[in-house]
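This briefing is meant to be read alongside the sequence and the coordinates. It is arranged by topic, so that each site can be inspected in turn.

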Amino acid sequence: MHLEGSCHCGKVRFSLEAHSPVPFMHCHCSICRKTAGSGGYAINLGGEAASLKVRGRKYVRIYHAVLRETGKRATRSPAGRHFCGECGSALWLWDPRWPELVHPHASAIDTPLPTPPEVVEAALEFAPAWVDVPKGRGHVHHALWPAESLEEWHQRHRVWSP
Ligand SMILES: [Zn+2]
Ligand SMILES: [Zn+2]
């Protein structure tokens, strides 16, 4: 599926081909909440890194989260969280461990996205008490993250876009 995206101020515009375009995964981890999710979570989609085209790249800045876990040394995440340096919109994530993939934020996509048949509420262990996590029919809860990849979830629900 062809996706077009942009930041709020419009200095950065991008497009890509996405085989996993359904916005089904709400990530409640603290990085997603603080960098891209004032409602409590962020949503990443799965696309092909080679197809990513960017206008206004000079405005794009990249954040590498530092992971601090008690009893372990702080480590810098290899994942690059790309955002607009002018307006702060979260744009996409690219990780050199999976260089062929790029994960745009659903919030930055202007193309109408498919409605998810099921929503996964992930990383709930990190959700603060004030977040009203959707529950009931159509919502699957995970304390951390499901073992299934974005692509596997799309294939199981027959919504994978080849
Ligand atoms: Zn901007
Ligand atoms: Zn997250």
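A residue counts as buried when its relative accessible area is under 20%, as exposed when that area is over 50%, and as partly exposed in between. By this rule Asp95 is buried, because its relative accessible area is 6%. The model is predicted, and the points below cover its zinc site, an open sheet, salt bridges, two histidines and two residues with positive phi.

**Zinc site**

- The zinc ion (ligand 2) has three protein donors, namely the SG atoms of Cys27, Cys29 and Cys32, which lie 2.2 to 2.3 Å from the ion.
- Along the chain, the donors of this ion follow the spacing C-x1-C-x2-C.
- Cys27 is buried because its relative accessibility is 9%, under the 20% limit.
- Cys29 is likewise classed as buried, at a relative accessible area of 8%.

**Environment of His28**

- His28 is located in the loop between strand S3 (25-27) and helix H1 (30-36).
- With a relative accessible area of 0%, His28 is buried.
- Its side chain makes a polar contact with the side chain of Glu121, at 2.9 Å.
- Beyond its neighbours within four places in sequence, His28 is in contact with a set of residues that includes Arg33, Tyr41, Glu121, Ala123, Phe126 and Val133.

**Environment of His103**

- His103 belongs to strand S11 and is buried, with 18% relative accessibility.
- A polar atom of the His103 side chain lies 2.9 Å from the backbone oxygen of Leu45.
- Residues up to four places away in sequence aside, His103 touches Asn44, Leu45, Gly46, Trp92, Leu93 and Leu150.

**Open sheet**

- Strands of a sheet pair through backbone hydrogen bonds, in either a parallel or an antiparallel sense.
- Here an open sheet of three strands runs in the order S1-S2-S5, and its pairing is antiparallel.
- Strand S1 (2-6) and strand S5 (53-55) are the edge strands, each pairing on one side only.
- From one strand to the next, the twist averages 15 degrees.
- S1 pairs with strand S2 (residues 13-17) in the antiparallel sense over five bridges.
- Within the sheet, Gly5 stands opposite Phe14 in S2.

**Salt bridges**

- The count of salt bridges comes to four.
- Asp95 and Arg97 meet through their side chains in a salt bridge, at 2.7 Å from N to O.
- The partners in that pair are Asp95, which is buried at 6%, and Arg97, which is partly exposed at a relative accessible area of 49%.
- Glu69 and Lys72 also meet through their side chains, at 3.4 Å from N to O.
- In this pair Glu69 is partly exposed at 46% relative accessibility, whereas Lys72 is exposed at 56%.
- Arg156 forms a salt bridge with Glu118, with 3.9 Å between the closest N and O atoms.
- Arg156 lies in helix H2 (residues 150-156) and Glu118 in the loop between strand S11 (101-104) and strand S12 (119-122), so this salt bridge ties together parts 38 residues apart in sequence.
- Arg156 is partly exposed, with a relative accessible area of 49%, while Glu118 is buried, at 16% relative accessibility.
- Glu118, Glu148 and Arg156 are joined into one network by salt bridges that share partners.

**Positive phi outside glycine**

- Most residues other than glycine have a negative phi.
- Ala123 has a positive phi, near 60 degrees, although it is a residue other than glycine.
- Ala123 is placed in the loop between S12 and strand S13 (139-141), and it is buried at 0% relative accessibility.
- Ala123 is also among the residues in contact with His28.
- Arg158, which is not a glycine, has a positive phi of about 55 degrees.
- Arg158 sits in the segment after H2 and is exposed because its relative accessible area is 78%, over the 50% limit.

Note on methods: Residues numbered from 1 in each chain as written. Chains lettered and ligands numbered in written order. Predicted model: local features only at pLDDT ≥ 70, side-chain atom pairs only at ≥ 80, totals over all residues. Heavy atoms only, no water. Donors = N, O, S within 2.8 Å, 3.2 Å for Na, K, Ca; no water. Buried < 20%, exposed > 50% of the residue type's maximum accessible area, 1.4 Å probe, protein only. Pairing = 2+ DSSP bridges. Helix = DSSP H or I, 4+ residues; strand = E, 2+ residues; numbered from the N terminus. Axes fitted to C-alpha atoms, helices over the stretch in contact; angles between N-to-C directions. Polar contact = N/O pair within 3.5 Å; in protein donor to acceptor, adjacent residues only side chain to side chain. Contact = heavy atoms within 4.5 Å.
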